[in-house]
Protein chains: 2
Amino acid sequence: MAIVVQLVARPILPEDWKLVPDGSEGALVTFAGHVRGTESGNAITALEYEAYAPMAEQELRRIAGECLAKHGAGRLTVVHRTGVVPVGESAVVVAVTSAHRKAALACMDAFLDRLKQDVPIWKIRALPGDERGAGRACPD
Amino acid sequence: MAIVVQLVARPILPEDWKLVPDGSEGALVTFAGHVRGTESGNAITALEYEAYAPMAEQELRRIAGECLAKHGAGRLTVVHRTGVVPVGESAVVVAVTSAHRKAALACMDAFLDRLKQDVPIWKIRALPGDERGAGRACPD
């Protein structure tokens with residue numbers, strides 16, 4: 001059982017979370033959570049995330065272990081970004097391996113629920129978009 | 001709602017299935033199904049897959065549409081490999097986007113169940129491994 005936890009204050013890269021299944025792992029499930037262009041109905045350009053890093057990493061590791069054990073999955077890697085994350089970019093990426101697909105999917109579902117509930121990482125600010133002006137070369 | 005279906009008789013590449021979420025899609029879930037080193041308890045080196053291609057593609061497209069609609073997900077891409085797939089390589093990769101994570105995970109779970117049940121793609125042969133001799137430079 002291997003767990004890798006990382007908080008990064010820069011764009012998340014494929015090599016941050018890449019898990020290569022070994023010959024006993026038939027399933028690899030990944031989840032990427034992207035910042036959407038609206039927050040509470042308002043257009044935004046980015047979200048800003050803040051983490052209480054030591055506790056967040058400890059909690060992510062604890063939750064990962066519990067979810068892997070409960071669902072019989074193999075390995076889990078999670079990378080969460082902090083700071084300003086523009087719309088369309090990943091705020092979090094999680095990868096789970098297991099022998100069979102059901103265990104990996106159930107582990108992922110449970111882990112994402114717990115991540116939202118229990119881990120001290122917060123959206124502290126939504127940077128507003130200018131709906132009328134955005135992308136216009138010649139404002140009228 | 002966009003669906004991309006592909007059967008390939010070569011290794012699956014990232015560009016075959018890559019889905020880039022637009023600003024309204026907060027979730028991207030991917031599944032890769034890898035060939036495991038044992039089949040029915042025996043060591044193997046590869047599995048060989050065969051598809052009835054026209055019907056397989058049609059079924060994949062139909063099932064994808066049903067699963068996206070049922071679970072309110074956005075887009076789905078599926079790539080299935082045919083021919084000999086060595087242990088550790090992907091036989092199938094699926095990617096699903098949606099506004100929120102629960103819809104994408106539920107759509108993925110349902111789609112993989114239906115893929116196994118309803119789509120005319122079969123494992124026709126397991127290529128046996130030589131457990132004693134494998135990897136030995138100087139057999140005794």
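In the predicted model, helix α3 of chain A and helix α3 of chain B approach each other across the interface, their axes coming within 11 Å. Each helix spans residues 101-118. The axes cross at roughly 170°. An angle over 145 degrees counts as roughly antiparallel, and α3(A) and α3(B) are therefore roughly antiparallel to each other.

The helix contact involves matching positions in the two chains. Arg101(A), Leu105(A), Met108(A), Asp109(A) and Leu112(A) form the α3(A) side. They meet Arg101(B), Leu105(B), Met108(B), Asp109(B) and Leu112(B) of α3(B). By class, this contact has 6 nonpolar and 4 charged residues. No polar residues take part in the contact of α3(A) with α3(B).

Strands also join the two chains. Strand β2 of chain A, residues 27-34, pairs with β2(B) through 7 bridges. The two strands run antiparallel. Within this pairing, Val29(A) has Phe31(B) as its bridge partner in β2(B).

Between the chains as a whole, 22 residues of chain B are in contact with 22 residues of chain A. On the side of chain B that touches chain A, β2 (27-34) and α3 each supply at least two residues. The most comes from β2(B), which gives 8 residues. This side of chain B divides into 10 nonpolar, 8 polar and 4 charged residues.

Conventions
Residues are numbered from 1 along each chain as its sequence is written. Chains are lettered from A and ligands numbered from 1 in the order in which they are written. This is a predicted model: local features need pLDDT of at least 70, side-chain atom pairs count only at pLDDT 80 or more; totals for chains, interfaces and linings use all residues. Axes are lines fitted to C-alpha atoms, for helices over the stretch in contact, and angles run from 0 to 180 degrees between N-to-C directions. Helices (H or I, at least four residues) and strands (E, at least two) are DSSP runs, numbered from the N terminus. Angles under 35 degrees count as roughly parallel, over 145 as roughly antiparallel, 65 to 115 as roughly perpendicular and the rest as oblique. Two residues are in contact if their C-beta atoms, placed from the backbone, lie within 7 Å. Ala, Val, Leu, Ile, Met, Phe, Trp, Tyr, Cys and Pro count as nonpolar, Asp, Glu, Lys and Arg as charged, and the others, Gly among them, as polar. Two strands pair if DSSP finds at least two bridges between them.
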